[in-house]
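Visitor: Could you take me on a close look at the place where the ligand sits? I would like to hear about the residues around it, and then about the empty spaces elsewhere in the protein.

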Amino acid sequence: MDAIVVDGGVPLQGNVSVSGAKNAALPILAAALLVEGEVVLEEVPDLRDIRTMIQLLQELGCAVERHADRSVSVVVEDETRSEAPYDIVKQMRAGFCVLGPLLARRGRARVSMPGGCNLGVRPVDLHLKGLRALGARFDLSGGFISAEGRLRGDEVFLSGAFGSTVLGTANVLMAATLAEGRTVIEGSACEPEIADLAGFLVACGAKITGIGSHRLEIEGVPRLTGSRWRIIPDRMEAGTFLAAAAATGGDVTVAGARATDMGAVVETLRAMGCSVERSAAGIRVVGERRPVPVDVTTLPYPGFPTDLQAPFSAALTLASGISVVTEKIYPERFMHVPELNRMGAQIRKQGPSQIIHGVDDLHGAEVMASDLRGGASLIVGGLAASGQTTVHRVYHVDRGYDGIEDKFSSLGARIRRIEGA
Ligand code: EPU
């Protein structure tokens with residue numbers, strides 16, 4: 001297993017380019033199952049979850065090619081297969097997103113139930129509720145959901161106790177594009193990644209209105225045809241670089257970051273005392289020597305994203321006072337807390353909140369990633385800490401960041417990967 005070693009304490013300086021968004025590319029790759037003809041996706045990031053999704057598409061009869069210009073082409077060649085195996089879905093919940101497309105296009109699917117993960121229980125009841133409303137019948141046995149049925153449009157409400165479901169909206173939206181008649185999804189997720197998926201589906205001939213809102217209307221069409229689509233920039237990767245700039249008192253420009261998707265993040269950086277410049281080319285952040293403490297609550301879009309909670313918490317460990325960070329999407333998403341505390345942070349967990357007492361200095365330590373964003377927060381902490389930090393189990397980070405050590409190196413960080421550590 002690889003580790004990342006950081007010799008911290010260097011303010012990050014310079015420009016870094018953002019990759020395409022993992023969480024847009026994953027459901028859009030799944031949506032290729034709906035399409036007749038070739039789909040070409042541009043700016044697909046080269047990371048572990050994407051490779052897993054490509055493997056799943058190949059299992060399901062697709063020919064997939066990755067090209068040197070970061071594009072990926074997908075053509076469905078064999079529609080007889082309809083099983084998403086446990087080995088793949090257990091690695092990545094987004095694999096569950098093939099359920100809607102398989103049902104809509106092939107009339108049946110057998111998809112491994114994803115189970116819980118390091119972020120908590122993570123049920124799929126809303127995915128199933130939405131697809132059931134469209135006429136799917138389900139049977140659960142041996143850890144697999146078997147589904148069949150001819151889909152017809154209907155009205156569904158997809159918001160639950162923690163707000164709208166992102167991948168649940170993706171699953172139902174994809175299924176509805178080929179269902180007979182009109183589907184209305186109330187309480188749909190309005191994350192930019194869902195808008196990107198909807199935009200791609202429209203480019204393939206789907207009829208969708210309300211894109212970017214909490215009410216999507218879909219008029220089913222008999223078929224979707226291949227098209228070329230450019231994946232939006234990754235706001236979570238961009239936000240991680242910006243958090244690292246704030247943590248190290250640096251001056252970083254994230255080229256290609258879309259400020260329009262990152263209002264709550266920009267607002268939080270300003271509250272932390274950073275100067276933020278937004279332009280069509282990207283976002284520039286200049287950090288203070290120490291961040292100003294802030295209270296942050298994660299919420300569905302356009303609120304502050306749960307995926308940036310851990311990286312920003314790492315920056316706030318060095319704030320000049322007390323910050324309260326509350327998690328409203330995944331109340332158990334705090335695996336980074338004991339690891340940051342090993343580096344000298346003073347974070348106390350209280351229910352779904354962290355009370356962060358800012359300290360003067362973090363010191364390097366051996367720490368362990370146990371989820372993607374938590375792992376990224378340990379790298380942010382290591383960049384700001386004095387001395388050397390080794391982040392073990394970095395495969396969690398590789399799920400969602402394309403060449404993270406190279407990108408941080410380009411900003412002047414002293415960071416390297418040790419293979420097989
Ligand atoms: N939920 C339910 N029932 C469901 C589905 C979700 O109760 O059927 C709950 C979840 O337990 C959670 C909340 O609803 O409390 C929101 O979950 P959601 O379904 O929106 O999460 P997701 O779609 O499974 C995506 C991202 C996550 C991101 C969340 C929230 C992808 C591939 N994953 O997950 O990204 O944290 O939305 O924004 O798009 C990451 O990239 O590190 C990551 C975990």
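Guide: Happy to! Let us start with a word on classes: Ala, Val, Leu, Ile, Met, Phe, Trp, Tyr, Cys and Pro count as nonpolar, Asp, Glu, Lys and Arg count as charged, and the others, Gly among them, count as polar. With that split, the shell around the ligand has 11 nonpolar, five polar and seven charged residues. Please keep in mind that this is a predicted model.

The shell holds 23 residues, and those that come nearest to the ligand are Asp 125, Leu 126, Thr 165, Asp 307 and Ile 329. Two of these names return when we look at side chains. In the side chain of Asp 125, an N or O atom is 2.7 Å from a nitrogen atom of the ligand. For Asp 307, a side-chain N or O atom lies 2.6 Å from an oxygen atom of the ligand. Arg 373 joins in as well, with an N or O atom of its side chain 2.8 Å from a ligand oxygen atom. As for cover, the ligand on its own has 820 Å² of accessible area, and the protein covers 90% of this.

Which elements build the shell? Those giving two or more residues are helix H1 (22-31), helix H5 (125-133), helix H6 (166-177) and helix H12 (372-384). The largest share, three residues, comes from H5. On the scale of domains, the ligand lies between domain 1 (3-19 + 233-418) and domain 2 (22-230), because both give residues to the shell around it.

Now for the empty spaces. Rolling a probe the size of a water molecule over the atoms shows where space is left empty. The second largest pocket has about 230 Å³ of space. It is lined by 15 residues, of which Val 18, Ser 19, Gly 20, Glu 43 and Arg 70 are the closest to its centre. By class, this lining divides into seven nonpolar, four polar and four charged residues. Domain 1 (3-19 + 233-418) and domain 2 (22-230) each supply at least three residues to the lining of this pocket.

Glu 43 deserves a second glance. Most residues other than glycine have a negative phi. Glu 43 is not a glycine, yet has a positive phi of about 60 degrees. You will find Glu 43 in the loop between strand E4 (39-42) and helix H2 (48-59).

Our last stop is a cavity. The count of cavities of 30 Å³ or more comes to one, and the largest cavity has a volume of about 40 Å³. Its lining is made up of Arg 235, Asp 261, Met 262, Gly 263, Ala 264, Val 265, Tyr 301, Pro 302, Gly 303 and Pro 305. Helix H9 (residues 263-271) gives the largest share of that lining, three residues. Sorted by class, the lining of the largest cavity has six nonpolar, two polar and two charged residues.

Two of the lining residues, Tyr 301 and Pro 302, are joined by a cis peptide bond with omega of about 10 degrees. Most peptide bonds are trans. To find the spot, look in the loop between strand E22 (295-297) and helix H10 (309-316), where Pro 302 lies.

Notes. Residues numbered from 1 in each chain as written. Predicted model: local features only at pLDDT ≥ 70, side-chain atom pairs only at ≥ 80, totals over all residues. Heavy atoms only, no water. Near = heavy atom within 4 Å. Polar contact = N/O pair within 3.5 Å; in protein donor to acceptor, adjacent residues only side chain to side chain. Areas by Shrake-Rupley, 256 points an atom, 1.4 Å probe, with all protein chains shown as cover. Helix = DSSP H or I, 4+ residues; strand = E, 2+ residues; numbered from the N terminus. Domains from an automatic or database assignment. 1 Å grid on protein atoms, 1.4 Å probe; cavity = no way out; pocket = protein on both sides within 12 Å on 5 of 7 lines; lining within 4 Å. Points joined across faces, edges and corners; volume = space filled by probe spheres on them.
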